[in-house]
Amino acid sequence: MQVMELGHLVLYVRDIERSVRFYRDVLGWRTVLGGDEDLVGLPVAAFSAPGGRTHHELLLIEVGPDAAALPPGRRVGLYHFGLKVGDSDDELREVLRTLEENDVRVLGASDHTVTHSLYIADPDGNEIELYIDVPGVDWRSDPSLIGAPIRPLRL
């Protein structure tokens, strides 16, 4: 077997409407299923990135307001997922403006040599890395760049 690509991500959320607004209106995902569909006995919403690489890259399943929160600190399971948001620091600065306009708190900002990244959390606490690939960094020729020391990002 050989994995060809990461196909999609599925997240449990407390409130499907709140999460749809976040992923659609703040992050700009294209809605495939809007939140009132009931495919698994629960409300779901599906999204695809602009350009529609595949049928859906993100699926949300509502589990209700009483669902357990993500435990804080080090734990087994998902740490964060990354979303490429452009190809330049100017585009990342625009993302930062959008986050500020929507009162989304930036948890961190890192220069990973190969990427410049902002970290946020969705309404349910799932951490998301919003990044650009740094122009001119050839990590394919030098894969060690992927493990370069992390520096503070200065936008």
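# Notebook: β6 and its surroundings

I started at strand β6. In this entry I found β6 paired with strand β9 (residues 151-152) in the antiparallel sense, over two bridges. The model I am reading is a predicted one. I looked up one partner across this pairing: Ser-110 has Pro-152 as its bridge partner in β9.

**Entry: the other side of β6**

Next I turned to β7. Strand β6 (residues 108-111) and strand β7 (residues 115-121) run antiparallel, and four bridges join them. I noted two facing pairs. Gly-108 has Tyr-119 as its bridge partner in β7. Ser-110 stands opposite Ser-117, also in β7. That puts Ser-110 against Ser-117 in one strand and against Pro-152 in the other.

I then checked the turn. Three residues lie between the strands of this hairpin, and Thr-113 takes a positive phi near 70°. His-112 also sits in the loop between β6 and β7.

**Entry: the sheet**

I wanted the strand order. Five strands make an open sheet, in the order β5-β8-β7-β6-β9, with mixed pairing. Its edge strands are β5 (80-86) and β9, each of which pairs on one side only. As a reminder to myself, strands of a sheet pair through backbone hydrogen bonds, either parallel or antiparallel.

I also looked for what covers the sheet. Helix α2 (residues 89-101) lies across β5, β7 and β8 (127-133). The helix runs at about 10° to β7.

**Entry: Ser-117**

Is Ser-117 buried or exposed? Its relative accessible area is 0%, so I wrote it down as buried. Ser-117 belongs to strand β7.

I listed the contacts of Ser-117 beyond four places in sequence. From β6 and the loop after it come Gly-108, Ala-109, Ser-110 and His-112. The list also holds Glu-129, Leu-130 and Tyr-131, which fall within the range of β8. Leu-92 is in contact too, and that number falls within α2. Leu-153 completes my list.

Which side chain makes a polar contact with the side chain of Ser-117? I found Thr-115, at 3.2 Å.

**Entry: His-112**

His-112 was my next stop. Why does His-112 count as buried? Its relative accessibility is 15%, and the cut-off for buried is under 20%, so His-112 qualifies.

The side chains of His-112 and Tyr-119 are joined by a polar contact of 2.7 Å. I also noted what His-112 touches, leaving out residues up to four places away: Ser-117, Tyr-119, Glu-129, Leu-145 and Ile-150. Tyr-119 thus comes up as the bridge partner of Gly-108 and as the polar partner of His-112.

**Entry: His-80**

I compared notes with a second histidine. His-80 lies in β5, one of the edge strands. With a relative accessible area of 23%, His-80 is partly exposed.

Which residue shares a side-chain polar contact of 3.0 Å with His-80? Glu-129 does. Beyond four places in sequence, His-80 is in contact with Tyr-119, Glu-127, Ile-128 and Glu-129. Tyr-119 and Glu-129 are on the contact list of His-80 and on that of His-112.

I checked one long distance as well. His-80 and Leu-145 are 65 residues apart along the chain, and 20 Å separates their C-alpha atoms.

**Entry: helix α1**

I looked at α1 (residues 16-26) from end to end. At its start, a side-chain oxygen of Asp-15 reaches to within 3.0 Å of the backbone nitrogen of Glu-17. Along the helix, Ile-16, Ser-19, Val-20, Phe-22, Tyr-23 and Val-26 are buried. Just after α1, Gly-28 takes a positive phi of about 80°.

**Entry: the whole chain**

I closed with the overall numbers. The protein has two helices and nine strands. Along the sequence I read β-α-β-β-β-β-α-β-β-β-β.

The radius of gyration is 17 Å, which agrees with the value near 15 Å for a compact globule of 155 residues. The C-alpha atoms fill a box of roughly 45 × 40 × 30 Å along the principal axes.

Of the 155 residues, 34% count as buried. About 9,700 Å² is exposed, and carbon and sulfur atoms supply 54% of that area. Among contacts with a separation of 6 or more, 54% join residues 24 or more positions apart.

Methods
Residues are numbered from 1 along each chain as its sequence is written. Side-chain values use heavy atoms; hydrogens and water are left out. Two strands pair if DSSP finds at least two bridges between them. Buried means under 20% relative accessible area, exposed over 50%, partly exposed in between (1.4 Å probe, protein chains only). A polar contact is a pair of N or O atoms within 3.5 Å; within protein, one must be able to donate a hydrogen and the other to accept it, and residues adjacent in sequence count only if both atoms are side-chain atoms. Contact means heavy atoms within 4.5 Å. The radius of gyration is taken over C-alpha atoms; the globule rule is 2.2 Å times the number of residues to the power 0.38. Accessible areas come from the Shrake-Rupley method with a 1.4 Å probe; for residues, only the protein chains shown count as cover. Axes are lines fitted to C-alpha atoms, for helices over the stretch in contact, and angles run from 0 to 180 degrees between N-to-C directions.
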